[in-house]
Amino acid sequence: MPDTALLVIDMQRALLKDAHDGEACLGTVAELADRARAAGVPVVYLRQRFDQVPAEWLEVHPTLTPRPRDIVLDKDSADSFLGTALGEVLAGLAVHRLVVTGYASDYCVDSTSRSALSHGYDLVLVADGHTTTERTAGAQPTAAQIVAHNNEIFSVIQYAGRSVTVAPAAEIRFDASRAT
């Protein structure tokens, strides 16, 4: 059984509507999910709940439609561990390493990544597998800068006893001989 799981955070139709480089990110995450499944690695989808949004807009984007063996959990906060069964699900699967993708780099991806480290997981942040909302013209920082900033922060952040890696999807391996 693999010790790794792929997290797909908040890749929902309503949220991705104005995402920076959204189509490219969707393609990257879809390809990564297919590779994870082929290697027997669980794919875990997290979905943000909102009261004022039609239910169909909260579904996972059609490019990433969960497959029958995938796990789908709903959440109410930026931290995917808070108030969800994520920790229990991962423990039941004997997971020790999380490959993190999703939306929004500066909120849910960041919060979940830090929480994963605090919960004892090794972390791989997919450098080209997370995005955030495109900002209005002239706004600083730009969405591209936010994505780059998160990649930089996680490439140098340290958590005692934890491994933290930032890598593009093309370098991520799910097999036992993995380097990343």
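**Strand S1 and helix H2 in a predicted model**

Thr 4, Leu 6 and Val 8 point one way from S1, while Ala 5, Leu 7 and Ile 9 point the other way, and all are buried. The model is a predicted one.

Me: What makes S1 largely enclosed by the rest of the structure?
Reply: Buried means under 20% relative accessible area, and six of the six residues of S1 are buried, so the strand is largely enclosed by the rest of the structure. The residues pointing each way from S1 are buried, and in general the side chains of a regular strand alternate between the two faces of the sheet.

Me: How do you know that S1 and S4 pair, and in which sense do they run?
Reply: Pairing requires at least two bridges between the strands; six bridges join S1 to S4, and the two run parallel. Within S4, Thr 101 is the bridge partner of Val 8.

Me: What makes S1 and S2 a pair, and in which sense?
Reply: The requirement is again at least two bridges, and S1 and S2 have four, in the parallel sense. Here Leu 7 stands opposite Val 44 in S2.

Me: Why is the reach of H2 called close to the expected one?
Reply: The expected span is 1.5 Å times one less than the number of residues; H2, with 17 residues (22-38), reaches 24 Å from its first C-alpha to its last, against an expected 24 Å.

Me: Which elements do the buried residues of H2 pack against?
Reply: These residues, including Cys 25, Leu 26 and Val 29, pack against strands S1, S2, S4 and S5 and against helix H1. Just after H2, Gly 40 takes a positive phi of about 80°.

How values were computed. Residues numbered from 1 in each chain as written. Predicted model: local features only at pLDDT ≥ 70, side-chain atom pairs only at ≥ 80, totals over all residues. Heavy atoms only, no water. Buried < 20%, exposed > 50% of the residue type's maximum accessible area, 1.4 Å probe, protein only. Contact = heavy atoms within 4.5 Å.
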